[in-house]
Each structure stands twice: as C-alpha cells, then as structure tokens.
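Trainee: Can we take this one a question at a time? I'd like to know what touches what.

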Amino acid sequence: MAHTDEEHARSHSHAHSHSHRAFDNDDDALAAIEEHHTHMLHRVTALSDALIAAVAGGDGGTAYDEHATLVAWCEDELIPHAVAEEGPLYGPARDTPEGRLLVEGMLLDHQTIIGLVEELRPAEGARAAALGLVITRAFALHLRKENELLFPYIARNPDISLAEAVAGLEEVVGQ
Ligand SMILES: [Fe+2]
Ligand SMILES: [Fe+2]
C-alpha cells in the first residue's frame, strides 16, 4: 500500500523532487545513468531534428514552436541534470588526485553547454537550428566521457559509492 502511495506521489512530483530510487551496487547505478543519458540524447536529437526540418522547410510557425520546445527541454531537463551531477558525483571524484583534472574538464563542458543554451534562447531561423544541433552533439560528446571515463572511474573507486551518490537523484538516473 505504501508503495502504491509512493508511486502515486512520484508520478505527480515536480522534476526537481527525488524519487528515492536505490541501487544494490555501483554497476547497477552505472547502468541506470547510461540508460538515462541515452534517453536524454534521443530526446534532444528528436527536438533538434524537428527544429532543423521546420527551418529547412521554411515553416516559420512550426520553427517558432520547435525552438520554444527545445529551449524548454534544455531548461527543464538538461541544465537540472548537469547541476544535479556536480554535487554528489563530481564532488567526491574531484577530491581524488586521479579524478581532479577530468572533473574540471567536465565542469567546463557543463559551462559550455549552459552557454550554448543561453545563445539558443534568443536565436531564430538557421542560427537557432544550428545551435540546436551544436547542443545535441556537445551533449553526446560530454555523456560519452561520463559513461566511458568518469562514472566507471567512480564505480571502481573503493572510496566512493556511485550507488549512494545517485540514490534518489531523478535528474541523473530517471524515475
Ligand atoms: Fe554532465
Ligand atoms: Fe550526465
């Protein structure tokens, strides 16, 4: 019964609230992060492609709407995801000699991507479509570095628990 109530509350919860999703081990947590990254990349790719198609087709009304949808996704999903990673995930790895420079590089990626969203917000037409594709490709590169370098490093570091770091972090592991 309590479980049902929790599910109910979760389905109505705001994007910034926590779902209390827990993991038995770091490998499971890593798999959940990768899955959420894949989901996010599919979504931003679809939104960017839709904006490009509208601009290429000369459909100004649709381009206006697709641009607004992409900006909203960046504000509601992409930036909260980056911010959520920086504390519990990037923080402990940054405090290790082996992880420090990699994490600082990843923070520069976040700053760059957030700057691109700022550029996208007032952009129109071909420039908006180009910025949408740049954000999509920059995010794809960034998440490869997280999936293949940073998060596996955290998972195999015995002093840092990836499972504990992401428990309940809906913005990082999904619901
Ligand atoms: Fe990130
Ligand atoms: Fe990420």
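Trainee: Which residues does Leu162 touch, not counting those up to four places away in sequence?

Mentor: First, this is a predicted model: local features need pLDDT of at least 70, side-chain atom pairs count only at pLDDT 80 or more, and totals for chains, interfaces and linings use all residues. Residues are numbered from 1 along each chain as its sequence is written, while chains are lettered from A and ligands numbered from 1 in the order in which they are written. A contact here is two C-beta atoms, placed from the backbone, within 7 Å. Leaving out residues up to four places away, Leu162 touches Asp26, Ala29, Leu30, Phe151, Ile154 and Ala155.

Trainee: And which element gives the largest share of the largest nonpolar core?

Mentor: A core is a set of buried Ala, Val, Leu, Ile, Met, Phe, Trp, Tyr and Cys residues joined through C-beta atoms within 7 Å, and buried means 20 or more other C-beta atoms within 10 Å of a residue's own. This core has 20 residues, and Leu162 is one of those with the most contacts inside it, along with others including Phe151 and Ile154. Helices (DSSP runs of H or I, at least four residues, numbered from the N terminus) that give two or more residues to it are α2, α3, α4, α5, α6 and α7. The largest share, four residues, comes from α5.

Trainee: How many residues are in the other core?

Mentor: That core lies apart from the one we just discussed. Val44, Cys74, Leu78 and Ala82 are among its members, and the count is 18 residues.

Trainee: Are α2 and α3 roughly parallel or antiparallel?

Mentor: The axes, lines fitted to C-alpha atoms over the stretch in contact, come within 9 Å and cross at roughly 160 degrees. Angles run from 0 to 180 degrees between N-to-C directions, and anything over 145 counts as roughly antiparallel. So α2 and α3 are roughly antiparallel.

Trainee: What residues does His36 contact, leaving aside neighbours within four places in sequence?

Mentor: His36 is in α2, and it counts as buried because it has 20 C-beta neighbours inside 10 Å. Gln175 is 139 residues along from His36 in sequence, yet their C-alpha atoms are 9.2 Å apart. The contacts of His36, with those neighbours left aside, are Val172, Val173 and Gly174.

Trainee: Last one: what percentage of the protein chain is buried?

Mentor: The chain has seven helices and zero strands. Of its 175 residues, the buried portion is 30%.

Note on methods
Parallel < 35°, antiparallel > 145°, perpendicular 65-115°, else oblique. Buried ≥ 20, exposed ≤ 12 C-beta atoms within 10 Å, placed from the backbone.
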